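Work through the exercises below with the model open. Each one sets a task and then solves it step by step.

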Amino acid sequence: MSNNPARMHIHDAQTAELRESIFDYARYRLTLDPIPLDYPKSYVELREIMPDTVTESGVGGQQALALFRDVLAPACISIDFPGNVSFIPTAPTEAASMFDLIVSASSIFGGSWMEGAGAVYAENEVLTFIANEAGLPEGAGGVFVQGGTAGNLSSLVVARYKAMKKRDEAGLPRPARWSFLCSEEAHSSIAAAARVMDVDVIKVPVGDDGIMHGSDIEAAGIDWDGVFAIVATGGTTNFGIVDHLESVGEVARAHDVWFHVDGAYGIAAIFAPSTKHHFAGLETVDSFIVDPHKWLYAPFDACALVYRDPAFARIAHTQHAAYLDVLTNTDEWNPSDFAYHLSRRARGLPLWFSLATYGVAAYRDAIESNNRVAQQIADVIRERDYVELVRDPMLSVVVFRRKGWTSEQYHEWANDLFEKGTAMSFPSAFRGEPVMRFAIVNPLTTLEFLVELLDSMA
Ligand SMILES: Cc1ncc(COP(=O)(O)O)c(C=O)c1O
């Protein structure tokens, strides 16, 4: 190999060969049928079979690719395996995954209009479409960030900034502690945001149905001094429960605090006719998030963060530096200005391409089919005497108990299926009790498959 320092950037014959190998592998992975679940290996096992690859001379692209194909990839779960109903899986469309390759190949800086105008235009078309579907007024918009955790944090930072400004402008002192409210069933990322921001979280107790209503907040006897936001959940992770957004929004307005909805998993359900009604009141929010990498069939990683008033969010988030002035001192839409980040991948493009390829109606049908399978398996659970629903499913998460099973029995059953490559179906817990949970976001996850899982629990 030559010692030319630009040798990694030259399109020589070796690189051309590697390019073909990479495309061949991508083609193979994109069209795998059936998709294997695969299985993780321990560090010790991997250490034994993986040679050192990051060395002064490297091992060469063909060898590295072969090691990825034969050793590393099989040690990674295929999240799009149709029998994966654990956590919140994902099932990217082929168009979305394919376009992710193009995003990588295109060297786009997605942080500023000046550098990424075309990409930002397309991402914004998607954000506007989602905002419209949610019922937000014209002008709403935001940015695709890495995930729901980053989206929730970025939005709460804006919320506190607004509260601070309000106090400062009124000549009022800042509170000893800032805080925000959420339901006791809110996602862990909400508490994580509070830790990063050094603010307090006030957890509002909810009734047996798990839904936070405005009346739950009013009944909680909140001391509102220092409260800057209410966070409702649009589809809890454990149950898919949507808080009562209309009444929660009313309380937020009555107390003049920011209203944010964490819909990382669930807001996708606004596209399905049977679940849209659960989101009445979403049109009143100050901000919301939804993760296309959860239930909008996009690859990792993407969270759509949408603000009612992006201009204000921009003031809260824009980074200022002499070298950035040329970007920031304009009226153009710079995605970097709307969240806690600067450099960014144009990670909304795979979703844009997939929506443009298949059309919105195909998305509505796919999400509706996930909802339908959830309702059907819930019906089957109701008919069987050895299982019972913990709560009726609102969206596409179904939680039930196998009567009489201990936590160990759930785990033994789940581990056996996992080891055999049949299913990834781990139990969850609710109020200290082990429960089984199916999170259905893959249109290839069939009712028949879930019935077989139930049969195997008999
Ligand atoms: C309701 C909810 N909010 C936030 C998150 C965090 O999203 P991410 O994993 O994309 O950071 C999740 C993840 O499952 C979630 O279900």
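**Exercise 1. Find which element gives the most to the shell around the ligand, then list the polar contacts made by side chains.**

Step 1. In this predicted model, helix α6 gives the most to the ligand shell, with 3 residues.

Step 2. Look at the other contributors. α6 (148-169) and α10 (292-295) each supply at least two shell residues.

Step 3. Put the shell in numbers. The ligand is surrounded by 13 residues. The closest are Gly148, Thr149, Thr237, Asp262 and Asp291.

Step 4. Go through the polar side-chain atoms. For Thr237, such an atom sits 2.7 Å from a ligand oxygen atom. For Asp262, an N or O atom of the side chain is 2.7 Å from a nitrogen atom of the ligand. For Lys294, a polar side-chain atom is 3.1 Å from an oxygen atom of the ligand.

Step 5. Finish with the cover. On its own, the ligand has 390 Å² of accessible area, and the protein covers 85% of that.

**Exercise 2. Trace the sheet of 7 strands and state its order.**

Step 1. Write down the order: β1-β7-β6-β5-β4-β2-β3. The sheet is open, and its pairing is mixed.

Step 2. Explain the edges. β1 (141-145) and β3 (200-204) each have a single partner strand, so one side of each is left without a neighbour in the sheet.

Step 3. Add the twist. From one strand to the next it averages 20°.

Step 4. Check one pair. β5 (residues 258-262) and β6 (residues 287-290) run parallel and share 3 bridges. Within this pair, His260 has Ser287 in β6 as its bridge partner.

Step 5. Place the helix. α6 packs on this sheet and touches β1, β2 (179-183), β4 (227-233), β5, β6 and β7 (303-307). The directions of α6 and β7 make an angle of about 20°. This is the helix that gives the most residues to the ligand shell.

**Exercise 3. Do the same for the sheet of 4 strands.**

Step 1. The order is β8-β9-β11-β10. This sheet is open too, with antiparallel pairing.

Step 2. Explain its edges. β8 (387-389) and β10 (428-430) have one partner strand each, so each has a side without a neighbour in the sheet.

Step 3. Give the twist. Its average is 45° from one strand to the next.

Step 4. Check one pair. β8 and β9 (residues 397-402) are antiparallel, with 3 bridges between them. Glu388 has Arg401 in β9 as its bridge partner.

Step 5. Add the helix. α15 (residues 407-420) packs on the sheet and touches β9 and β11 (433-439). Its direction makes about 30° with that of β11.

**Exercise 4. Divide the chain into domains.**

Step 1. Set the bounds. Domain 1 spans 7-78, domain 2 spans 101-358 and domain 3 spans 364-455.

Step 2. Take the centres over C-alpha atoms for domain 1 and domain 2. They are 36 Å apart.

**Exercise 5. Locate the cis peptide bonds at Pro34 and Asp301, and a positive phi at Asp38.**

Step 1. Start with Asp33 and Pro34. The peptide bond from Asp33 to Pro34 is cis, and its omega is near 5°. Pro34 belongs to the loop between α1 (13-30) and α2 (43-49).

Step 2. Stay in that loop. Asp38 also lies between α1 and α2. Asp38 is not a glycine, yet its phi is positive, about 65°.

Step 3. Move to Phe300 and Asp301. They are joined by a cis peptide bond with omega about -5°. Asp301 is in the loop between α10 and β7.

Step 4. Link this back to the ligand. α10 supplies at least two residues of the shell, while β7 is one of the strands that α6 touches.

Note on methods:
Residues numbered from 1 in each chain as written. Predicted model: local features only at pLDDT ≥ 70, side-chain atom pairs only at ≥ 80, totals over all residues. Heavy atoms only, no water. Pairing = 2+ DSSP bridges. Axes fitted to C-alpha atoms, helices over the stretch in contact; angles between N-to-C directions. Contact = heavy atoms within 4.5 Å. Domains from an automatic or database assignment. Near = heavy atom within 4 Å. Polar contact = N/O pair within 3.5 Å; in protein donor to acceptor, adjacent residues only side chain to side chain. Areas by Shrake-Rupley, 256 points an atom, 1.4 Å probe, with all protein chains shown as cover.
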